[in-house]
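Open the model in your viewer and keep the sequence panel beside it. The tour below goes from one selection to the next.

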Amino acid sequence: MTTNAPPLKLTLVVAVALVDADNRILLAQRPEGKQLAGLWEFPGGKVEPGERPEETLIRELREELGITVKEPCLAPLTFASHAYESFHLLMPLYICRRWEGFVQSMEGQALKWVKPQELRSYPMPPADEPLIPFLLDLLGS
């Protein structure tokens, strides 16, 4: 297939499914003023130049949720590849069951612990939705 549209810039974003002792997954709501505000997503962020995806997650989880995650506790699960209007998103999803500290909203975003079978009840960005079946397979529905 050929198109005359200019190629979309590839943006690498990394996300994590934090899973607590009750097998619930943490979702964060995108704050007002940000693109896709109000939608629920898995915590994470954009990979900065020179940064590895695991380093990004460790940094983002410290900044956004006030927790400390060690790299061996991050296990790659799957990824999403989604073309938005102005960029193409590539988003590896990791799973993490161990961290230090208590999850708290450091940037004013709403947080919610959700059972795997309830994930589809939360409106998510288009790139996050295809990740749900992998979490249901892993954690049970």
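Which residues does the UniProt annotation "binding site" (unreviewed entry) cover? In this predicted model, select Gly-44 and Glu-64, the residues that this UniProt annotation covers. The two are spread over 21 residues of sequence, yet they cluster in space, with a largest C-alpha distance of 8.5 Å. Both Gly-44 and Glu-64 belong to the lining of the largest pocket.

**Stop 1: Gly-44**

Colour strand β4, residues 44-46, and find Gly-44 in this strand. Is Gly-44 buried or exposed? Gly-44 has 17% relative accessibility, so it counts as buried, the cut-off being under 20%. Now show what surrounds Gly-44. Leaving out residues up to four places away in sequence, Gly-44 touches Val-14, Ala-15, Leu-57, Glu-60 and Glu-64.

**Stop 2: Glu-64**

Move on to helix α1, residues 53-65, where Glu-64 lies. Glu-64 counts as buried because its relative accessible area is 13%. With residues up to four places away in sequence again left out, Glu-64 touches Pro-43 and Gly-44. Further along the chain, Glu-64 also touches Gln-104, Ser-105, Met-106, Glu-107 and Gln-109.

**Stop 3: the second annotated set**

Which residues does UniProt list for "binding site" (unreviewed entry) in addition to Gly-44? Select Arg-30, Glu-41, Phe-42 and Pro-43, which the record lists together with Gly-44. The lining of the largest pocket includes Arg-30, Glu-41, Phe-42, Pro-43 and Gly-44.

Begin with Arg-30, in the loop between β2 and β3. The relative accessible area of Arg-30 is 19%, so this residue is buried. Display side chains here: a polar contact of 3.2 Å joins those of Arg-30 and Glu-41. Other residues that Arg-30 touches, not counting those up to four places away in sequence, include Gln-35, Leu-36, Ala-37, Gly-38, Leu-39 and Pro-125.

Next, centre on Phe-42, in the loop between β3 and β4. Phe-42 is buried because its relative accessible area is 3%. Show its contacts, leaving aside neighbours within four places in sequence: among them are Ala-15, Val-16 and Ala-17, and also Ile-25, Leu-26 and Leu-27. Phe-42 also touches Leu-93, Leu-119, Met-124, Asp-128, Leu-131 and Leu-135.

**Stop 4: the largest pocket**

Turn on a surface or a pocket display. About 640 Å³ of space lies in the largest pocket. Its lining has 27 residues, and those nearest the centre of the pocket are Val-13, Arg-30, Glu-41, Gly-44 and Gly-45. Which element gives the largest share of this lining? Strand β1 does, with four residues. To see the elements around the pocket, colour β1, β2, β4, α1 and β6, each of which supplies at least two lining residues.

**Stop 5: the nonpolar cores**

Hide the pocket and select Ile-25, Leu-27, Phe-42, Met-91, Leu-119 and Leu-135, the residues with the most contacts inside the largest nonpolar core. This core has 25 residues. At least two core residues come from each of β1 (9-18), β2 (25-29), β6 (87-96) and α2 (132-139). Strand β6 gives the most, with five residues.

A second core of 14 residues is separate from this one and includes Val-16, Leu-18, Leu-26 and Leu-57. Keep Phe-42 displayed while you look at it: Phe-42 touches Val-16 and Leu-26. Leu-57 appeared earlier on the tour, as a residue that Gly-44 touches.

**Stop 6: the annotated domain**

Finally, zoom out and select residues 9-137, which the UniProt annotation "domain: Nudix hydrolase" (unreviewed entry) covers. How much of this span is helix, and how much is strand? The span is 15% helix and 33% strand. Draw a distance between the C-alpha atoms at the two ends of the span: they lie 32 Å apart.

Notes
Residues numbered from 1 in each chain as written. Predicted model: local features only at pLDDT ≥ 70, side-chain atom pairs only at ≥ 80, totals over all residues. Heavy atoms only, no water. UniProt positions renumbered as here; feature names shortened; annotations may be inferred. 1 Å grid on protein atoms, 1.4 Å probe; cavity = no way out; pocket = protein on both sides within 12 Å on 5 of 7 lines; lining within 4 Å. Buried < 20%, exposed > 50% of the residue type's maximum accessible area, 1.4 Å probe, protein only. Contact = heavy atoms within 4.5 Å. Core = buried A, V, L, I, M, F, W, Y, C linked by side-chain atoms within 4.5 Å. Polar contact = N/O pair within 3.5 Å; in protein donor to acceptor, adjacent residues only side chain to side chain. Points joined across faces, edges and corners; volume = space filled by probe spheres on them.
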